[in-house]
Amino acid sequence: MPPVLANLPLPIIGSPLFIISNPRLVIEQCKAGVVGSMPALNARPASQLDEWLAEITETLAAYNRAHPDKPAAPFAINQIVHKSNDRLQHDMELCAKYKVPIVITSLGARTDVNDAVHGWGGVVLHDIINNSFAKKAIEKGADGLIAVAAGAGGHAGVKSPFALVQEIREWFDGPIALSGAIASGGAVLAARAMGADFAYIGSAFIATEEARASDGYKQMIVESSSDDIIYSNLFTGVHGNYLKGSIRAAGLDPEKLPESDPSAMNFGGDAKKAWKDIWGCGQGIGIVKEVVPARVLIARLVREYEAARKALALS
């Protein structure tokens, strides 16, 4: 296990939420013991990323000086390495400037990106949806994997988490984070029991006070369950899970969505506009009952995790 990922206060990584994650949420996640993360592309204009990285690094450094006995978890920046991202070089240079401890790469594994991160001492976690992609990511130099299983919010795979983690663990003994409908402490323990090192949680953090999501988005999550999620590739060219209510509000029938051409994938300048009113979300939100501060959500996860551990030990 790379040192930056060893001995974390909690076995949880907050997933980077497109448009929604911001320094405020990342900082609160890290202070509460969770690896906080955000997509580099959330900073717009591109120059804002410099300001955000300065805010995160300086705030967490000050927190650690004030709490040497209980330091914050490290933070991560997500880089979309698909060819449509024309900001990648710019954003990677800023990650190097601030020596970002963890970089999460998505939509393509690239040796040059991995080498650059290793050059400043960082760690690369690459998200994958199947065993074949997992092997390619490690071959190209990723340090760990994020197994995006069925039920995850946003861009998600269709594999059962049991099958996906099992197949990866046959050949890989490095760090694995599991994503897919994890929103409770019991689910965090289950992820670890099946062989993952970390739970990768996203949708539950949308319904927090710090998240940069509209009140309507947050409330829809509180009021929805797994029955309210639809899987489609219409909006970005990549299959993902979305809230049916947001699709209806956009004037579309979620049960009759056309297929998109995967070659039309776009994560550049127009992506934010394209995603604005179509809300990504995973299947685990049934347990999310109210909008709370991130630290309150994390405290619930901790209580449930410890309770599940104790119950398992007594059984």
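# Chatting through a predicted protein model

Reply: Let's start with a pairing: strand S2 and strand S3 (residues 75-80) run parallel to each other, joined over four bridges. Two strands count as paired if DSSP finds at least two bridges between them, and helices (H or I, at least four residues) and strands (E, at least two) are DSSP runs, numbered from the N terminus.

Me: Okay, and what kind of model is this, and how are residues numbered?

Reply: This is a predicted model, where local features need pLDDT of at least 70, side-chain atom pairs count only at pLDDT 80 or more, and totals for chains, interfaces and linings use all residues. Residues are numbered from 1 along each chain as its sequence is written, and side-chain values use heavy atoms, with hydrogens and water left out.

Me: Back to S2. Which residue stands opposite Ile77 in S3?

Reply: That's Met38.

Me: Are the faces of S2 covered or not?

Reply: Both are covered. Gly36 and Met38 sit on one side, Ser37 and Pro39 on the other, and all of them are buried. Buried means under 20% relative accessible area, exposed means over 50%, and partly exposed is in between (1.4 Å probe, protein chains only).

Me: What about S8, which residues are on its two sides?

Reply: Strand S8 (residues 176-179) has Ile176 and Leu178 on one side and Ala177 and Ser179 on the other, all buried.

Me: Which strands does S8 pair with?

Reply: Strand S6 (residues 144-148) is joined to S8 by four bridges, running parallel, and there Ala147 stands opposite Leu178. S8 also pairs with S9 in the parallel sense, over three bridges, with Ala177 opposite Phe198 in S9.

Me: Anything antiparallel?

Reply: Yes, three strands make an open sheet in the order S7-S11-S10, with antiparallel pairing. Strand S7 (154-155) and strand S10 (229-232) are at the edges with a single partner strand each, so one side of each has no neighbour in the sheet.

Me: How many bridges join S10 to S11?

Reply: Four bridges join S10 to strand S11 (residues 240-243). In that pair, Ser232 stands opposite Gly240.

Me: Zooming out, how many helices and strands are there in the chain?

Reply: The protein chain has 12 helices and 11 strands.

Me: And what does the radius of gyration say?

Reply: The protein chain has 18 Å, and a compact globule of 315 residues would be near 20 Å, so the two agree. The radius is taken over C-alpha atoms, and the globule rule is 2.2 Å times the number of residues to the power 0.38. As for the box, the C-alpha atoms fill roughly 55 × 50 × 40 Å along the principal axes.

Me: How much of the chain is buried?

Reply: Of the 315 residues, 55% count as buried.

Me: New topic: where is Gln29, and is it buried or exposed?

Reply: Gln29 is in helix H1 (residues 23-31). It counts as buried because its relative accessibility is 1%.

Me: Which residues does Gln29 touch?

Reply: Leaving out residues up to four places away in sequence, Gln29 touches Gly14, Val34, Gly36, Ser37, Phe205 and Ile298. Contact here means heavy atoms within 4.5 Å.

Me: And Gly202, where is that?

Reply: Gly202 is in the loop between strand S9 (198-201) and helix H8 (203-206). Gly202 is buried, with a relative accessible area of 11%, and it touches Ser15 and Leu17, again not counting residues up to four places away in sequence.

Me: Any odd backbone spots?

Reply: For background, most residues other than glycine have a negative phi, and most peptide bonds are trans. Here, a cis peptide bond joins Arg44 and Pro45, with omega about 5°. Pro45 is in the loop between S2 and helix H2 (48-66).

Me: Which residues have a positive phi without being a glycine?

Reply: Asn7, at about 60°, and Ile19, at about 75°, are among them.

Me: Are those two buried or exposed?

Reply: Asn7 is in the segment before strand S1 (12-14) and counts as exposed at 78% relative accessibility. Ile19 lies in the loop between S1 and H1 and is buried, with a relative accessible area of 18%.
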